[in-house]
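Work through the following exercises with the model open beside you, trying each task before reading the solution beneath it.

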Amino acid sequence: MKSSRRRFVEFREKIRKGLLDPMRYADPSVKRDESADAWQHRGRWGGPATKHVFKYKKKRLVGEYRVMLRGYGKPMAALFLVFTLSTFATMTTPVILKLLIDYVAKGKGLAEAPQFAAWKEYLPDTAWGSLAALSWVMVAITILIIAFDWMRLLATQRINYRLAGTLRQRLHRHLIRLPLSLLSDYKTGGLVSRIMGDVDQVVGGINNAIMTPYVALLRAACVIFMLFFTNPRLAGCIILLIPPILLIHMFLFRRLRPMWRNVQDDRSMLSARLTDMYGGIRVVRSFKRERSELKEFGALQDTMIRKQQYTAVLGRLLGTGWGVFGPAIGVVIVWYGGSMVLNGKMETGDLVMFQSYIFLLLGPVTQMIDSIQNLQQNLGALDRVVDVLEQKLDMPDRADARGVDAAVVGGSIELREVRFGYVPTREVIQGVSLEVSAGQTVAIVGPSGSGKTTLVNLVARFFDVNSGHIMLDGIDIRDLKIEDYRGLFAMVLQDVYLFDGTIADNIAYGRRHATREEIVAAARKANAYEFIMEMEKGFETIVGERGSKLSGGQKQRISIARAILANPRILILDEATSSLDSRTERMIQDSLKELMAKRTSFVIAHRLSTIMHADVIVVLVEGKIVEQGAHEELLDRQGVYHDMFMQQFAKHRDPTIERIDWELAKE
């Protein structure tokens with residue numbers, strides 16, 4: 001395992017050479033091949049080292065903010081109005097200081113000020129009266145500024161919270177419809193990191209990309225106008241100092257974005273690592289891997305912290321530049337401005353006002369620098385969000401796709417020369433043809449890796465065939481709306497997934513508006529009612545994450561109850577009883593008979609005793625159907641199925657006795 005120091009050295013070397021994880025910025029549609037030691041190498045993708053080229057230009061990402069703000073025109077306009085009024089209110093403070101120094105401090109009244117000659121009769125003509133008037137003006141301006149700040153804060157929070165919610169919903173809606181293969185590449189922790197952490201970062205970019213620049217530019221423009229209005233020569237000297245500082249900052253800006261993107265990727269990978277580890281905590285403990293997991297997590301986290309600190313230091317250099325710039329301006333003002341006052345070319349109040357405006361100028365400039373620095377981090381997160389949103393959806397509906405009315409669906413399924421492979425170079429299903437009449441039960445058997453689960457996944461349209469056709473009642477399933485088509489199915493799997501909620505919630509998952517009576521009826525049909533009622537809270541019992549508080553048989557019966565309540569037209573059972581003891585299996589087999597009644601069913605099983613009742617048994621070997629027929633018929637053929645059957649039962653029971661037991665069970 002590489003130390004965090006070594007990983008950080010590699011990170012610095014890549015920054016120097018411009019090779020910072022090039023494939024992270026490549027076309028998202030290009031499939032990535034993850035190396036076997038991905039965790040040890042911080043998730044780097046294979047391939048030759050080339051200079052990174054961002055898929056999404058900064059202009060493209062900033063344009064994404066415009067898309068996010070559609071429909072927020074009026075709130076944004078009101079917010080900008082508040083910013084503008086607050087800026088104008090702030091500009092009055094230095095003017096008041098000038099008046100205090102040039103008039104009140106010299107015992108004069110505001111009525112003597114030449115710039116207020118038009119309002120002379122309305123202004124106080126004594127120093128004390130002028131002091132009181134200016135004090136009240138300062139109080140009013142302060143109240144206005146506080147009020148504007150509150151309005152700005154509340155309006156900004158309201159917009160940010162709504163934008164975050166909208167973007168999370170948009171990202172979640174897109175992710176939930178992506179291909180299963182792509183979702184498995186992202187990993188669960190990575191998905192959560194994108195939906196929660198990255199979205200918060202992206203929405204923070206609204207301030208850094210739009211609001212802060214607007215306020216800073218408006219204030220800077222007002223200040224620069226007032227500086228030149230006060231003393232053009234002194235203002236010109238100050239402005240000449242700005243370009244060198246900006247050039248230094250532009251050099252640093254270009255390096256920050258890929259670094260922040262790298263840090264965001266590290267954060268996502270840490271989340272995925274934690275999700276993986278705690279999801280398999282029993283395996284971790286059984287193999288005594290706690291210490292190695294802690295060490296690996298510590299190394300990964302320490303590397304990320306080093307990167308964060310290094311990136312933050314570079315960002316801080318920007319602030320340091322302005323820290324040098326500020327005193328330099330002060331020296332210019334003191335020396336040059338002071339000499340102008342001594343020569344009678346400038347009033348003392350004007351110099352103080354000029355100095356005050358310089359401080360007001362440094363504020364907006366510092367805000368711009370900070371916002372641009374933070375924007376690099378925001379754009380790094382937006383890079384990852386857009387990377388997901390640009391992915392193609394999982395089998396989008398055709399323009400002329402038909403709806404499906406479950407009430408009139410017969411349920412017959414036909415496969416015509418179906419071919420499929422997860423990669424183009426290897427076909428998992430090779431020219432399979434099969435007819436299943438409505439209401440029939442089809443069992444699919446065969447050795448591991450023969451393509452059984454892949455075949456039923458194609459029937460459920462989790463994947464689309466590479467060639468051939470799958471027909472529902474004579475219609476190609478690709479011509480049907482995928483949501484309607486999948487609504488015809490229910491699945492009962494060997495690895496039952498229950499959500500962390502109540503038993504009632506899990507049973508009603510496939511039919512959210514089911515009544516309590518319907519939930520109880522489904523539990524009775526699944527032989528689950530008795531054990532549920534033995535629990536302290538009955539149907540309101542919390543099952544825990546993935547149903548961890550229930551036994552395997554209990555979870556399986558709840559899964560069957562869930563399928564019964566969903567009332568599917570087509571049922572898929574994938575090794576639904578293979579990991580259960582004989583007594584529990586017999587109970588669940590009784591539940592399955594209730595579930596499969598009058599439904600088209602596809603059953604995958606290794607225990608042949610559980611599928612002898614099937615109308616058709618299909619023997620799949622290396623993606624091809626080698627035999628099909630009823631149980632008795634296949635036994636009489638003395639073929640592959642006969643050999644599989646004899647291997648399973650010859651050592652335990654006579655096949656003839658199995659037939660007798662089955663006949664009795666049918667009666």
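**Exercise 1: a helix pair and its handedness**

The crossing of helices α16 and α18 is right-handed. The model in which this crossing is seen is a predicted one.

Task: Find at what angle α16 and α18 pack, and determine which residues make the contact.

Solution. Begin with the geometry: α16, residues 516-525, packs against α18, residues 552-566, at an angle of about 125 degrees, and their axes are 8 Å apart. An angle between 115 and 145 degrees is classed as oblique, and α16 is therefore oblique to α18. Turning to the contact itself, α16 contributes Glu518, Ile519, Ala522, Ala523 and Lys525, while α18 contributes Ala561, Ile564 and Leu565. Sorted by class, the residues of this contact comprise 6 nonpolar and 2 charged, with no polar residue.

**Exercise 2: a second helix pair**

Task: Decide how α3 and α5 are oriented relative to each other, and describe the contact between these two helices.

Solution. The first step is again the angle: the axes of α3 (residues 73-90) and α5 cross at roughly 155 degrees and come within 9 Å. Angles over 145 degrees count as roughly antiparallel, so that is the relation of α3 to α5. The second step is the hand of the crossing, which is left-handed for α3 and α5. The contact is made on the α3 side by Pro75, Met76, Leu79, Val82, Phe83, Leu85, Ser86, Ala89 and Thr90, and on the α5 side by Ile141, Ile145, Phe148, Asp149, Met151, Arg152, Ala155, Thr156 and Ile159. These residues of the α3 and α5 contact divide into 13 nonpolar, 3 polar and 2 charged.

As a last step, consider one member of the contact, Ser86, which is found in α3. Ser86 has a relative accessibility of 4% and so counts as buried. Leaving aside residues up to four places away in sequence, Ser86 touches Phe148, Asp149 and Arg219.

**Exercise 3: a loop residue**

Task: Establish where Val104 lies, whether Val104 is buried or exposed, and which residues Val104 touches.

Solution. Val104 lies in the loop that runs between α4 (92-102) and α5 (127-175). The relative accessible area of Val104 is 14%, and since buried means under 20%, Val104 is classed as buried. Among the residues that Val104 touches are Ala127, Ser130, Leu131 and Leu134. For Ser130, which is 26 residues from Val104 along the chain, the C-alpha separation from Val104 is 6.6 Å.

**Exercise 4: two sheets and a helix across them**

Task: Give the strand order of the open sheet of 6 strands and that of the open sheet of 4 strands, then find which strands α13 lies across.

Solution. The sheet of 6 strands is open, has the order β6-β7-β8-β3-β9-β10, and is mixed in its pairing. At its edges stand β6 (489-493) and β10 (624-629), each of which has a single partner strand, so one side of each is left without a neighbour in the sheet. On average, and ignoring direction, neighbouring strands of this sheet are turned by 20 degrees against each other. Within it, β6 and β7 (residues 570-574) run parallel and are joined by 5 bridges, and Leu493 has Asp574 of β7 as its bridge partner.

The open sheet of 4 strands has the order β2-β1-β4-β5 and antiparallel pairing. Its edges are β2 (429-436) and β5 (475-476), each with a single partner strand, so one side of each has no neighbour in the sheet. Between β1 (residues 413-420) and β2 the antiparallel pairing extends over 6 bridges, and the bridge partner of Arg419 in β2 is Gln430.

With both sheets laid out, α13 (residues 452-459) can be placed. α13 lies across β3, β6, β7, β8 and β9, running at about 155 degrees to β8, and α13 also lies across β1, β2 and β4, running at about 120 degrees to β1. α13 is mostly covered, with 7 of its 8 residues buried; these buried residues include Leu455, Val456, Leu458 and Val459. Just after α13, Arg461 takes a positive phi of about 55 degrees.

Notes. Residues numbered from 1 in each chain as written. Predicted model: local features only at pLDDT ≥ 70, side-chain atom pairs only at ≥ 80, totals over all residues. Heavy atoms only, no water. Buried < 20%, exposed > 50% of the residue type's maximum accessible area, 1.4 Å probe, protein only. Contact = heavy atoms within 4.5 Å. Axes fitted to C-alpha atoms, helices over the stretch in contact; angles between N-to-C directions. Parallel < 35°, antiparallel > 145°, perpendicular 65-115°, else oblique. Left-handed = near helix turned anticlockwise from the far one by under 90°. Nonpolar A, V, L, I, M, F, W, Y, C, P; charged D, E, K, R; others polar. Pairing = 2+ DSSP bridges.
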